[in-house]
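Hi everyone, thanks for coming. I'll walk you through one protein today, so have a look at it on the screen and follow along with me.

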Amino acid sequence: MAGTNGGVAKCGFIFLDTLAIALVILPALLFRLPGFDLPIFQRGFFCGDESIAYPYKDSTVPSSVLYGVGIGLFAVIMITTEIVIFAYRKRQDLDYLSPDTYNRCCGGVVIPPLLYQVVRYAAVFFFGLLVTMTTFDITKNVVGRLRPHFLSICQPDFNNLTCMEGARPIYITEDICMPEDPKRMSEAR
């Protein structure tokens, strides 16, 4: 009976882990789906703000390289490390996983120990990655801090814009931007 309860508990943990990852994947995808534009907080600006008047420069590192190295390097290091540990323990005639480790799936299916460890570490890594990405995206959209190149992307018509009221600068809140690329404009916000 204890084995049955352990299997039910294991299935429950697998279900909860899968649910947690799914709940974190959803917002991460919503911020990245093409055509699905979540609202971005539109902060105003002062015309003479030098902190947002820098020229625009393309990214020096493409996103594909960033994700490829960030995820690929993790995968190579983690898999290599686990294979080395597995081979070392096998050579020393030691158990790779302790006998009390749950490496059984629902229904009593035994998962090979190396695969179990790799999947376990990958799940923890991707959960952390997705939580970080989601937190980052939500914070960016809620705070809406203008990028240093905002004015070069926005291209406001300063001739038809009142920037000063006497000696006091006016905080511009209306959308007066005339960008060439709307996607780049949302990224500048």
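Okay, let's start with the order of things. If you read along the sequence, the pattern goes α-β-α-α-α-β-β-β-α. That gives you 5 helices and 4 strands. Keep in mind that what you're looking at is a predicted model.

Now some overall numbers. The protein has 189 residues, and 20% of them count as buried. Its accessible surface comes to about 13,400 Å², and carbon and sulfur atoms make up 66% of that. And the contacts? Take those in the protein with a separation of 6 or more: 72% of them are between residues 24 or more positions apart.

Let's go inside. Here's a general idea to keep in your head: in soluble globular proteins, nonpolar side chains tend to be buried together. In our model, the largest nonpolar core has 14 residues, and the ones touching the most other members are F45, I52, F150 and M185. Which elements give two or more residues to this core? They are α4, residues 150-154, and α5, residues 182-188. The largest share comes from α4, with 4 residues.

Let me zoom in on I52 for a second. If you leave aside its neighbours within four places in sequence, I52 is in contact with F45, then the run R145, L146, R147, P148, H149, and finally F150 and L151. So two of the names from a moment ago, F45 and F150, turn up again here as contacts of I52.

Next, over to helix α2, which covers residues 63-91. There's a nonpolar patch on the surface, about 630 Å², made by V61, V65, L66, Y67, V69, L73 and I77. Let's pick two of those. L66 lies in α2. Is L66 buried or exposed? Its relative accessibility is 53%, so it counts as exposed, because the cut-off for that is over 50%.

Y67 is also found in α2. Its relative accessible area is 35%, so we call Y67 partly exposed. Not counting residues up to four places away in sequence, Y67 touches R32, G72 and M133.

Now my favourite bit, the rings. The structure holds 4 aromatic pairs. One of them is F74 with F125: the ring centres are 3.7 Å apart and the planes sit at 10°, so this pair is stacked. Where are the two rings? F74 lies in helix α2 and F125 lies in helix α3, residues 113-143, so the pair ties together parts that are 51 residues apart in sequence. There's a third partner as well, since ring pairs link F74, F125 and F126 into a cluster. As for F125 itself, its relative accessible area is 23%, which means it is partly exposed.

Last stop: I71, which is in helix α2 too. With a relative accessible area of 28%, I71 is partly exposed. What does I71 contact, leaving aside its neighbours within four places in sequence? The answer is F125, F126 and L129. I71 and F125 are 54 residues apart along the chain, and their C-alpha atoms are separated by 9.1 Å.

So, if you want two places to revisit on the screen, try the stacked rings of F74 and F125 and the core around F45, I52, F150 and M185. Thanks, and I'm happy to chat afterwards!

Methods: Residues numbered from 1 in each chain as written. Predicted model: local features only at pLDDT ≥ 70, side-chain atom pairs only at ≥ 80, totals over all residues. Heavy atoms only, no water. Patch = residues over 30% accessible without salt bridge, like charges linked within 9 Å, V, L, I, M, F, W, Y side chains within 5 Å. Areas by Shrake-Rupley, 256 points an atom, 1.4 Å probe, with all protein chains shown as cover. Salt bridge = Lys/Arg side-chain N within 4 Å of Asp/Glu carboxyl O. Buried < 20%, exposed > 50% of the residue type's maximum accessible area, 1.4 Å probe, protein only. Core = buried A, V, L, I, M, F, W, Y, C linked by side-chain atoms within 4.5 Å. Contact = heavy atoms within 4.5 Å. Phe/Tyr/Trp six-rings, centres within 6.5 Å; stacked < 30°, edge-to-face > 60°.
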